[in-house]
Amino acid sequence: MEAVDVLAVGAHPDDVEMSCGGTLIKLVREGWRVAIVDCTRGEFGSRGTVEGRAREAAEAAAIIGAVARENLALPDGSITVTPEAVEALVRLFRHYRPRIVLFPPPFERHPDHEQVHQLVRRAFFHSGLAKLQTRGPDGQLQQPYRPRLLFCYMQAYEFQPSFYVDISDVYEQKVRAVQAHASQVYVPGVSPENEPETVLSRPEFWELLELRARYFGSRIGVRYAEAFLALTPLGVPTLGVWLQQRD
Ligand SMILES: [Zn+2]
């Protein structure tokens, strides 16, 4: 049984690290099982190669401590919500049976991010339908399954977060996971210098990554945080959950 507790879905091979990498690292430290699904191989990106990006993704997954990292190999730059793409993701939901799914928000700068949002929403629903039959990697019929909680991480466009996760004690490890994508982000002495410059490949990228984490942290009185939008209504058993926290 390869079940995981949390599945993080991203459009491109470095999306998950940048937007919710700290949250995943923290979960793994606490003993929860985490897996990552990238929807494309990033072949349309201005920098890097498909093979190089796959190596970087595997290295980042190891730094995070994810138990698996899958790639749906959808077309980078033109992801669309086809029945085949939905079914591929349904198969992964039924295989990994995550209770929480992290994925892009509905309103985003990159069209692929919005498409992955829709893809996850549809796969989430279809995955619970008994009459939709799918087979797992072993060829066996899969049981219907629907994840319990859907949370969107933040990418380019901001939204009013439903909650923040304190990532202060894992921020350095998050930076290392993002640095694994050296073809995309600026890593002195490692990143290739003869490729087109992008927002991510400039040294300022690291300042911006830290500034945002620092700002989100300041919203909840900690050093660094990541922000999330809850699609599923959230409840707490008692306000004592917050009384346990020390100011
Ligand atoms: Zn992306």
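A residue counts as partly exposed when the number of other C-beta atoms within 10 Å of its own falls between the two cut-offs, 20 or more for buried and 12 or fewer for exposed. Arginine 97, with 19 other C-beta atoms within 10 Å, is therefore partly exposed. Keep that scale in mind, since several residues below are placed on it. The model you're looking at is a predicted one. Its protein chain is built from seven helices and seven strands, and 42% of its 247 residues count as buried.

**The chain as a whole**

- Going along the sequence, you meet the elements in the order β-α-β-α-β-α-β-α-β-β-α-α-β-α.
- The C-alpha trace spans about 50 × 50 × 30 Å along its principal axes.
- How does the radius of gyration of the protein chain sit beside that of a compact globule? With 247 residues, a compact globule would come out near 18 Å, and the chain has 18 Å, so the two agree.
- Take the contacts between residues at least 6 apart in sequence: 76% of them join residues at least 24 apart.

**Helix H5 and what packs on it**

- Helix H5 covers residues 171-179, and helix H1 covers residues 15-29.
- These two pack at an angle of about 135°, with their axes 9 Å apart. An angle of 135° falls outside the ranges for roughly parallel, roughly perpendicular and roughly antiparallel, the last of which starts over 145 degrees, so H1 and H5 are oblique to each other.
- The crossing of H1 past H5 is right-handed.
- On the H1 side, the meeting residues are Glu17, Met18, Gly21, Gly22 and Ile25, and on the H5 side they are Tyr171, Gln173, Lys174, Ala177 and Val178. Sorted by class, this contact has five nonpolar, three polar and two charged residues.
- Helix H2 (50-64) is part of the cover over the buried residues of H5. H2 and H5 pack at about 165°, with axes 8 Å apart. Angles over 145 degrees count as roughly antiparallel, so that is how H2 and H5 lie to each other.
- The H2 and H5 crossing is right-handed. Ala60, Ile63 and Ile64 of H2 make the contact with Gln173, Arg176 and Ala177 of H5. By class, that gives four nonpolar residues, one polar and one charged.
- Which residues of H5 are buried? They are Tyr171, Lys174, Ala177, Val178 and Gln179. An α-helix has 3.6 residues a turn, so residues three or four places apart point the same way.
- The cover over those buried residues includes H1, H2 and helix H6 (204-219).

**Two residues with positive phi**

- Alanine 73 isn't a glycine, yet its phi is positive, at about 55°. You'll find alanine 73 in strand E3, residues 68-74.
- Is alanine 73 buried, exposed or partly exposed? It has 13 other C-beta atoms within 10 Å, so it is partly exposed.
- Arginine 97, the residue from the opening, also has a positive phi without being a glycine, here about 45°. Its place is the loop between helix H3 (83-96) and strand E4 (100-103).

**Three loop residues to look up**

- Serine 201 belongs to the loop between H5 and H6. It has 21 other C-beta atoms within 10 Å, so it is buried.
- How far apart are the C-alpha atoms of serine 201 and arginine 47? They are separated by 8.9 Å, although their positions lie 154 residues apart along the chain.
- Beyond its neighbours within four places in sequence, serine 201 is in contact with Arg47, Gln184, Val185, Tyr186 and Ser191.
- Phenylalanine 107 is in the loop between E4 and helix H4 (111-127). Phenylalanine 107 has 15 other C-beta atoms within 10 Å and is therefore partly exposed.
- From phenylalanine 107 to phenylalanine 93 is 14 residues in sequence and 23 Å in space, C-alpha to C-alpha.
- Proline 137 sits in the loop between H4 and strand E5 (149-153). Proline 137 has just 10 other C-beta atoms within 10 Å, so it counts as exposed.
- Proline 137 and histidine 95 are 42 residues apart along the chain, and their C-alpha atoms are separated by 8.3 Å.

Definitions and conventions
Residues are numbered from 1 along each chain as its sequence is written. This is a predicted model: local features need pLDDT of at least 70, side-chain atom pairs count only at pLDDT 80 or more; totals for chains, interfaces and linings use all residues. Helices (H or I, at least four residues) and strands (E, at least two) are DSSP runs, numbered from the N terminus. The radius of gyration is taken over C-alpha atoms; the globule rule is 2.2 Å times the number of residues to the power 0.38. Two residues are in contact if their C-beta atoms, placed from the backbone, lie within 7 Å. Axes are lines fitted to C-alpha atoms, for helices over the stretch in contact, and angles run from 0 to 180 degrees between N-to-C directions. Angles under 35 degrees count as roughly parallel, over 145 as roughly antiparallel, 65 to 115 as roughly perpendicular and the rest as oblique. A crossing is left-handed if the near helix is turned anticlockwise from the far one by less than a right angle, and right-handed if clockwise. Ala, Val, Leu, Ile, Met, Phe, Trp, Tyr, Cys and Pro count as nonpolar, Asp, Glu, Lys and Arg as charged, and the others, Gly among them, as polar.
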